[in-house]
Amino acid sequence: MSRPLTIQEMSRRSGFTEPTLRYYERVGLLGVVDRDPASGHRRYEEGTVGRVMALACLRSSGMTVDGMREYVELLGRGDEAAEELQELFTERAGQLAAEIARLRLRHEYLDLKARRWQARLDGDHAAETAAVERIKKILREL
């Protein structure tokens, strides 16, 4: 990175809105964000950019602000918090894996609904029946 990023650039890069970046700074998730001495505008240096991008990854995985706050607090404790950090990420990874499984079922449900109605349009009673039966199984799993 050749120069610090403005809040607009940081917003575009991270996917966080500018108000979200300001909020994360206010609640201590970002640490101190440098300011341009002349304008007072925020300037995101390389270390802060890395932290914002890590938080963006955590947020997109479904981690709550409280979870991100816990992460930042544990990170600040260094090696003594290694076990707790490992547990935090293992738990979140498990939650994300379960959500992915649910999303796959929902995707299959939608795909089967489309196939069911295409089978109806095609007059393919066997394909429609097979789709309906699988749809019923998916609904029991959800």
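In what order do the elements of the protein run from the N terminus on? They go α-α-β-β-α-α-α-α.

**View 1. Here's the whole protein, six helices and two strands.** Helices (H or I, at least four residues) and strands (E, at least two) are DSSP runs, numbered from the N terminus. This is a predicted model, so to speak of local features we need pLDDT of at least 70, side-chain atom pairs count only at pLDDT 80 or more, and totals for chains, interfaces and linings use all residues. Residues are numbered from 1 along each chain as its sequence is written, and side-chain values use heavy atoms, with hydrogens and water left out.

The C-alpha trace spans about 70 × 35 × 25 Å along its principal axes. The radius of gyration is 23 Å, well over the 14 Å that the globule rule gives for 142 residues, so the protein is more spread out than a compact globule. (That radius is taken over C-alpha atoms, and the rule is 2.2 Å times the number of residues to the power 0.38.) Of the 142 residues, 29% count as buried, meaning under 20% relative accessible area; exposed is over 50%, and partly exposed lies in between (1.4 Å probe, protein chains only).

**View 2. Now for the largest nonpolar core, with its 23 residues.** A nonpolar core is a set of buried Ala, Val, Leu, Ile, Met, Phe, Trp, Tyr and Cys residues joined through side-chain atoms within 4.5 Å. Tyr-44 and Leu-55 touch the most other members. Helices H1 (7-14), H2 (18-26), H3 (46-60), H4 (65-76) and H5 (82-122) each give two or more residues to this core, and the largest share, five residues, comes from H3. A second, separate core has five residues, including Leu-112, Ala-131, Ile-135 and Ile-138. In soluble globular proteins, nonpolar side chains tend to be buried together.

**View 3. Zoom in on H1 and what covers its buried residues.** Ile-7, Glu-9, Met-10, Ser-11 and Ser-14 are buried in this helix. Their cover includes H2, strand S2 (42-43) and H3; contact here means heavy atoms within 4.5 Å. Just after H1, Gly-15 takes a positive phi of about 90°.

**View 4. Next up is H3, a helix of 15 residues.** At 1.5 Å a residue it should span 21 Å, and its end C-alpha atoms are 21 Å apart, which agrees. (The expected span is 1.5 Å times one less than the number of residues.) The buried residues of H3 are Thr-48, Val-49, Val-52, Leu-55, Ala-56 and Leu-58, and they pack against H1, H2, H4 and H5. Gly-62, just after H3, has a positive phi of about 100°.

**View 5. Last stop: Glu-128 in helix H6 (residues 125-141).** Is Glu-128 buried or exposed? At 10% relative accessibility, Glu-128 counts as buried. Its side chain makes a polar contact with the side chain of Arg-116 (3.3 Å). A polar contact is a pair of N or O atoms within 3.5 Å; within protein, one must be able to donate a hydrogen and the other to accept it, and residues adjacent in sequence count only if both atoms are side-chain atoms. Leaving aside residues up to four places away in sequence, Glu-128 touches Arg-116, Ala-119 and Arg-120.

Lys-137 is found in H6 too, but this residue is partly exposed, with a relative accessible area of 46%. Lys-137 and Tyr-109 are 28 residues apart in sequence and 9.7 Å apart in space, C-alpha to C-alpha.
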